[in-house]
Amino acid sequence: MTAQVITVTSGKGGVGKTTAVANLATALAMDGKRVVCIDGDIGLRNLDVVMGLENRIVYDIVDVIEGRCKLKQAMIRDKKYPEMYLIPAAQTRDKNAVSPSDMVRICNDLKSDSDFVIIDSPAGIERGFRNAIAAADRVLVVTNPEVSAVRDADRVVGILEAEEKGNPSLILNRLNPTLVKNNDMLSAEDVLDLLGIQLIGIVPEDENVIIGSNKGAPVVTDAKSRAGQAFRNIAKRLQGQDVPFMDLDSQSGLWSAIQKLTGRK
Amino acid sequence: MITMEQVTSIVQIKGIRDGLLATFSDAAWEDQRTALILQIDEKPAFFQGARLAMDVGNQVLKVNDLVELRDQLSERNVALWAVISESPMTEQTSQLLGLATRISKPRPEEQRSFADTISDETALFISKTIRSGTRIEYPGNIVIIGDVNPGAEVIAEGNVVVWGRVRGVIHAGAKGNRNAFICALDLSANQLRIADEVSAMLKPQKDPRPEIASINEAGKLQAELWNVS
């Protein structure tokens with residue numbers, strides 16, 4: 001096996017990088033792939049919380065780099081999917097504890113016996129971001145349909161282009177079709193028009209995402225969630241399958257049932 | 001192997017107002033890079049947390065050269081913030097990487113007046129979208145095939161022509177040439193500047209048409225339909 005190394009980044013914070021990593025990794029593991037997630041946010045780690053593995057951390061990525069443990073010892077096996085692992089970030093150190101060449105070395109070691117290595121990048125465009133993209137074969141840029149998030153995504157795409165990291169793909173997260181229809185939110189077309197990169201998925205706004213993150217059970221495991229479906233589709237596209245984009249306007253399923261019940265429309 | 005004497009003759013490091021300036025003399029890039037790193041490793045405490053500018057002369061550097069060196073420096077906690085070069089290629093690469101290409105003390109040849117530097121035949125030609133955070137500066141005309149996105153800045157001493165949409169900031173005639181113009185297929189910029197005139201924000205148009213902005217007889221910046229006839 002030779003793993004594909006995928007880095008998820010955004011520029012702006014809080015747009016859903018960590019959520020995307022947890023969900024894509026879980027979706028890939030559900031498809032039987034062997035996946036290793038790396039939390040690149042040294043000092044502000046939270047991928048472990050979102051994946052529900054917080055209590056199992058013994059060693060972290062800085063321990064591996066500084067030789068206090070073997071790579072295998074820092075890989076935490078997931079509770080539900082034994083083919084999914086997490087390498088957590090150190091919480092008590094900062095971004096300078098890791099260098100781009102350390103990331104390349106770790107990813108090369110992981111490549112031989114996994115299908116996907118997914119790196120969660122910190123917000124910003126400084127050292128931590130550069131560590132996260134150093135080993136990437138493919139970069140996914142996450143943004144929200146907000147002017148500030150799109151501008152930061154544009155900056156990140158510019159840096160990736162300048163550093164010749166290949167063409168990044170876009171995940172448009174937290175789109176609310178009703179707001180778009182009323183012209184209160186940027187549409188997918190507006191965002192794509194400005195960024196001019198390939199779209200790999202649109203994830204609709206869904207409160208189950210937050211519930212899942214707090215429970216440590218990513219929303220992809222919820223068969224009814226629309227956001228979960230969107231992440232499952234992106235995971236299929238990462239495996240090279242051609243999956244049509246979801247029709248976000250269709251008012252069927254759980255979401256519209258809630259809207260009808262609460263009288264929102 | 002290079003000796004320490006050779007090292008200091010290849011790269012001279014001195015303090016300037018904005019941190020440190022490394023001036024490279026003629027040598028192969030590999031030697032220059034090694035010499036710089038050797039000097040830093042010699043006195044790590046001195047270089048800790050330093051801001052470094054490099055004057056690379058007429059050396060042509062590629063993206064990878066600069067990225068590799070920048071990472072090597074950042075591993076030593078030295079921040080590379082500017083690359084000064086006589087090569088337009090290196091200058092453009094540095095700007096795309098978000099590095100400054102001028103430091104506060106201008107080089108003597110930059111004090112030429114715009115009349116000498118703008119020749120109608122020369123232009124910086126860029127065929128890509130200029131994204132947020134990128135600053136393109138050129139002492140002549142600039143032609144861009146692509147968009148200028150919000151948060152990007154394009155600064156020319158001559159004219160600016162954009163075959164695409166302008167949403168960022170454009171400054172033509174930056175050294176005071178009031179005859180400079182800016183034209184684009186869709187001119188909905190945050191801000192346009194020609195010489196020292198500044199435009200108000202232009203509204204995005206529903207049905208964009210090519211426009212040209214220049215300073216009119218009343219001395220104000222104005223945009224009108226771009227009629228090439």
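# Exercises on a predicted two-chain model

Leaving aside neighbours within four places in sequence, A:V117 is in contact with A:A3, A:V5, A:V36, A:I38, A:C107 and A:L110. The model is predicted, and the exercises below work through both of its chains.

## Exercise 1. The core around A:V117

Task: State which residues touch the most other members of the largest nonpolar core, and name residues of the second core.

Solution. Step 1: the largest nonpolar core has 81 residues. Step 2: within this core, A:L24, A:A25, A:V117, A:I118 and A:F231 touch the most other members. Step 3: a second, separate core holds 28 residues, including B:L187, B:A189, B:L192 and B:A213.

## Exercise 2. The build of chain A

Task: Find what radius of gyration a compact globule with 265 residues would have, and compare it with that of chain A.

Solution. Step 1: for 265 residues, the rule for a compact globule gives a radius of gyration near 18 Å. Step 2: chain A has 18 Å, so the value agrees with the rule. Step 3: along the principal axes, the C-alpha trace of chain A spans about 60 × 40 × 35 Å. Step 4: chain A contains 12 helices and eight strands.

## Exercise 3. Burial and contacts in each chain

Task: For each chain, give the share of residues that count as buried and the share of contacts that join residues at least 24 apart.

Solution. Step 1: in chain A, 51% of the 265 residues count as buried. Step 2: take the contacts in chain A between residues at least 6 apart in sequence; 76% of them join residues at least 24 apart. Step 3: in chain B, 35% of the 229 residues count as buried. Step 4: for chain B, the contacts between residues at least 6 apart in sequence include 36% that join residues at least 24 apart.

## Exercise 4. Where the chains touch

Task: Describe the side of chain A that touches chain B by its elements and its kinds of residue.

Solution. Step 1: 16 residues of chain A are in contact with 17 residues of chain B. Step 2: on the chain A side, the elements that give two or more residues are helix 6 (127–134) and helix 7 (147–162). Step 3: helix 7 of chain A gives the largest share, seven residues. Step 4: the residues on this side of chain A divide into five nonpolar, four polar and seven charged.

## Exercise 5. The open sheet of chain B

Task: Give the strand order of the five-stranded open sheet in chain B, then follow its pairing from strand 6 to strand 12.

Solution. Step 1: the order is 6-8-10-12-13, and the pairing is mixed. Step 2: strand 6 (135–138) and strand 13 (197–198) of chain B are the edge strands, each pairing on one side only. Step 3: strand 6 and strand 8 of chain B run parallel and are joined by four bridges; B:I136 stands opposite B:V154 in strand 8. Step 4: strand 8 pairs with strand 10 of chain B in the parallel sense over three bridges, and B:I155 stands opposite B:H171 in strand 10. Step 5: strand 10 (residues 169–172) and strand 12 (residues 191–194) of chain B pair in the parallel sense over four bridges. B:A172 has B:I194 in strand 12 as its bridge partner.

Task: Sort the residues of strand 8 of chain B by covered and uncovered face.

Solution. Step 1: in a regular strand the side chains alternate between the two faces of the sheet. Step 2: strand 8 (residues 153–156) of chain B has B:V154 and B:A156 on the covered face. Step 3: B:E153 and B:I155 are on the uncovered face.

## Exercise 6. Positive phi values

Task: Locate A:E164 and B:N77, and decide why each counts as buried, partly exposed or exposed.

Solution. Step 1: most residues other than glycine have a negative phi. Step 2: phi of A:E164 is near 55°, a positive value, and phi of B:N77 is near 60°, also positive. Step 3: A:E164 lies in the loop between helix 7 and strand 7 (169–175) of chain A. B:N77 lies in the loop between helix 4 (63–75) and strand 4 (79–84) of chain B. Step 4: a residue is exposed if 12 or fewer other C-beta atoms lie within 10 Å of its own, and buried if 20 or more do. A:E164 has 10 within 10 Å, so A:E164 is exposed. B:N77 has 14 within 10 Å, so B:N77 is partly exposed.

Definitions and conventions: Residues are numbered from 1 along each chain as its sequence is written. Chains are lettered from A and ligands numbered from 1 in the order in which they are written. This is a predicted model: local features need pLDDT of at least 70, side-chain atom pairs count only at pLDDT 80 or more; totals for chains, interfaces and linings use all residues. The radius of gyration is taken over C-alpha atoms; the globule rule is 2.2 Å times the number of residues to the power 0.38. Two residues are in contact if their C-beta atoms, placed from the backbone, lie within 7 Å. Ala, Val, Leu, Ile, Met, Phe, Trp, Tyr, Cys and Pro count as nonpolar, Asp, Glu, Lys and Arg as charged, and the others, Gly among them, as polar. A nonpolar core is a set of buried Ala, Val, Leu, Ile, Met, Phe, Trp, Tyr and Cys residues joined through C-beta atoms within 7 Å. Two strands pair if DSSP finds at least two bridges between them.
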